[in-house]
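Q: I would like to learn how to read helix packing, strand pairing and backbone exceptions from a set of coordinates. Can we work through a case?

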Amino acid sequence: MNQSWRQRWPVILTTLLALLLGLSGCAGGAARPVSWMGLTVVGDKMYAADVEQIRVLNASDGETLWSFPENPEENNRGIFYIAPAVGAGRVIVASQITTGGFFSQRLDIVWGLDVETGRELWRFEGASGQYIEGGALSDDTFVIGNGDGNVYALDAESGDLKWNFETGHHVWATPLIVADVVYVGSMDRHLYALNLADGQMRWDFHTRGAFASAPVLRNDTLYVGAFDDTFYAIDAQTGVERWRFESEDWFWGSPAVGDDIVYAADVAGVVYALDAGSGEEVWRKVIEDEAMQDISVRAGPVLSEDGNQLFVGAQVGAQDGALYALDTADGFVLWSKPSEGRVLSTPVVSESLVYEALLYGTHRIRALHVENGREMWTYPDVEEQE
Amino acid sequence: MLDFIIYPFANLLLLLYSVLGHQTVAAIAALTILIRLLILPLTLGQQKSARKMQELQPEIEKLQKKYGNDKERLSQEQMKLWREAGVNPVGGCLPLLIQLPIMIALYRAIIFCVPSTPLELFQFSQHIAIDQWLPGLVGLVPLQSTFLGMDLGQPPSPDQIWSYALPILVFATSWLQQKLLTPSTAPSGGEQSQAAMMNQQMQIMMPLMFGFIALQYATGLSIYFIISNLVSVVQFYLIQSRNGEEKSKTQTRSKKQSDRKSS
């Protein structure tokens, strides 16, 4: 028996080690990205949630203006993913700090920073889950959903909690604030309309699928897709469905809404142009890769400022990505720009540039010209670093 | 690497979730039991090997007494004995190694369906097949992730202090399973007591290790560990009672034969 155990010990130890490694590989840790970078462009500045830092870049050339924290190795403020909200002299962001050790602990924090310097003004530590998507900012209120199932409304000036609204599951979607109403979708398969002032529910709209993105409002109609392979148009006043469009896969990203057309992309990489009034399909475009690799689309499409182009970011194969510029008239691909790194973040358009964040890429941010996809600048500038 | 097992498990979990009234813990329990049934031949092989090794124990002790000082000879004789008895000394560990990827795949399937990070969910979104076959099951993901106030996709946390009960239960059930499944070694002098000590260490080390894993990873994994351990315990008693019945039948038969001979 002694001999047998001697022979078994290495096998058992290897098994346990492999189990630990295998589970670590799938559970994720601080070193592995668990989400994608959020980008916001306001005026001539880009605000990027660059994992260990919030980085403010000059939108025209990618030069860093300030970052928070300045030195993450010395002053760890956690991992930043959500798109910063900018307004009222504040940049409001959220991060997750994980303390190591035997009883590892997670702390999820919303930070209020000075828009000019990045100096910390306040922090809110009242939520117990992760912040997955960005928040929405009105004049004096910042509203954000959390993995603990709550929607939190904070005073943008002080960071004090104004109210919270509990849903039945994680809230990953960015809220939409219009006048005195907050519209927010939850993984509990409800879209809620709440009073901005006190969080009281006005109505809720129930579907079979989870909501992971913000609705878009146009002419008193909310447009939003869900994980039940269905895209919805809902009366913003009453929460009554106006029409629905069924596809063959989830809608994760927010739609883009033009004058009379709503553009939405499902995760299988099919882009739909739908009549905003009736939901009738105007055209559809299946995004394809020249090398026939699988395409999947997480982020919603974004319109150019003149409304003639539609930008769609995609994951190509397992690790790469591409940005596609489609003609809004018929879905024809005007240009595409492949990238090393997946394009899962929603692209941002400002004037003549379209910005994309790349997951697992050498560059983390790229600015491309809207006309032809020409690369204008990258961050980090690898050549400069070398 | 294990995608070919993970995605079918995840889809099966979705199916069970829809059948069992949208109860995530019930679906995890059902999937665990189902998988344990699938790997039953492996588990039985492991237990059979352990039992045979236990039966050979007196022979091994004799060999140890006989060749105590000649390690090489002792090893040769032991190998010979095992070969003749048709026992592979590491045979009991191989099923454990085969179960390992299954355990990892099951954990990943749980994490995909009760997602804690958007990247995991996005990865899984392209591999949900069950709603293609059964359109009524569309929109199942993400599964209800709260159980007794705990988030099944997150590790135990001080906010829900009771969530630490799960690693304790994982430890307790692993210890019970380990105690039942590890062959007992009669304490005697020298190397034999060393083996007994090793067994004792294993009985504590393995459960501690699993308890530690439960502390660090999503509570959904703890549910799997606990149910899996309990299934092993039940399985052990079922096999024991079956072996007991067989043994008594054999004894009765040989007694009858010897009675007949003597008469």
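Q: Which residues in helix 4 of chain B meet which residues in helix 5 of chain B?

A: This is a predicted model. On the helix 4 side of chain B, the contact consists of Glu59(B), Ile60(B), Leu63(B), Gln64(B) and Tyr67(B). Helix 5 of chain B contributes Arg73(B), Leu74(B), Glu77(B), Gln78(B) and Leu81(B). By class, the residues of this contact are five nonpolar, two polar and three charged. As for the spacing along a helix, the general idea is that an α-helix has 3.6 residues a turn, so residues three or four places apart point the same way.

Q: What is the angle between helix 4 and helix 5 of chain B, and how far apart are their axes?

A: Helix 4 (residues 57–67) and helix 5 (residues 71–85) of chain B pack at about 160 degrees, and their axes are 9 Å apart. An angle over 145 degrees counts as roughly antiparallel, and therefore helix 4 and helix 5 of chain B are roughly antiparallel to each other. Their crossing is right-handed.

Q: What span does helix 5 of chain B have, and what comes just after the helix?

A: Helix 5 of chain B, with 15 residues, reaches 21 Å from its first C-alpha to its last, close to the 21 Å expected at 1.5 Å a residue. Just after helix 5 of chain B comes Gly86(B), with a positive phi of about 70 degrees.

Q: How do helix 1 and helix 2 of chain B pack?

A: Helix 1 (residues 3–19) and helix 2 (residues 24–38) of chain B pack at an angle of about 125 degrees, with axes 9 Å apart. That makes helix 1 of chain B oblique to helix 2 of chain B. The crossing of these two helices is right-handed. From helix 1 of chain B, the contact uses Phe9(B), Leu12(B), Leu13(B), Leu16(B) and Tyr17(B); from helix 2 of chain B, it uses Thr24(B), Ala27(B), Ala30(B) and Leu31(B). Eight of the contact residues are nonpolar, one is polar and none is charged.

Q: Turning to sheets, in what order do strands 22 to 25 of chain A lie?

A: These four strands form an open sheet in the order 22-23-24-25, with antiparallel pairing. Strand 22 (256–257) and strand 25 (281–286) of chain A are at the edges with a single partner strand each, so one side of each has no neighbour in the sheet.

Q: How many bridges join strand 23 of chain A to strand 24 of chain A, and which residue is the bridge partner of Ala264(A)?

A: Strand 23 (residues 261–265) and strand 24 of chain A run antiparallel and are joined by five bridges. Ala264(A) has Tyr272(A) in strand 24 of chain A as its bridge partner. The two strands form a hairpin with four residues between them, and Gly269(A) in the turn has a positive phi of about 90 degrees.

Q: What joins strand 24 of chain A to strand 25 of chain A?

A: Strand 24 (residues 270–275) and strand 25 of chain A pair in the antiparallel sense over five bridges. Ala273(A) is opposite Trp283(A), and Val270(A) has Val286(A) as its bridge partner. This hairpin has five residues between its strands; in the turn, Gly279(A) has a positive phi of about 85 degrees.

Q: What is the order of strands 1 to 4 of chain A, and which strands stand at the edges?

A: The order in this open, antiparallel sheet is 1-2-3-4. Strand 1 (39–42) and strand 4 of chain A stand at the edges, so each has one side without a neighbour in the sheet. The twist averages 15 degrees from one strand to the next. Within this sheet, strand 2 (residues 45–50) and strand 3 (residues 53–58) of chain A pair over six bridges in the antiparallel sense, with Lys45(A) opposite Asn58(A).

Q: Where do cis peptide bonds and a positive phi outside glycine occur?

A: Most residues other than glycine have a negative phi, and most peptide bonds are trans. A cis bond joins Phe68(A) and Pro69(A), with omega about -10 degrees; Pro69(A) lies in the loop between strand 4 (64–68) and strand 5 (79–80) of chain A. Another cis bond joins Val141(B) and Pro142(B), with omega about 0 degrees. Pro142(B) is in the loop between helix 8 (130–133) and strand 1 (146–147) of chain B. Glu351(A), not a glycine, has a positive phi of about 55 degrees. Glu351(A) is in the loop between strand 31 (348–350) and strand 32 (353–357) of chain A.

How values were computed: Residues numbered from 1 in each chain as written. Chains lettered and ligands numbered in written order. Predicted model: local features only at pLDDT ≥ 70, side-chain atom pairs only at ≥ 80, totals over all residues. Axes fitted to C-alpha atoms, helices over the stretch in contact; angles between N-to-C directions. Parallel < 35°, antiparallel > 145°, perpendicular 65-115°, else oblique. Left-handed = near helix turned anticlockwise from the far one by under 90°. Contact = placed C-beta atoms within 7 Å. Nonpolar A, V, L, I, M, F, W, Y, C, P; charged D, E, K, R; others polar. Pairing = 2+ DSSP bridges. Expected span 1.5 Å × (residues − 1).
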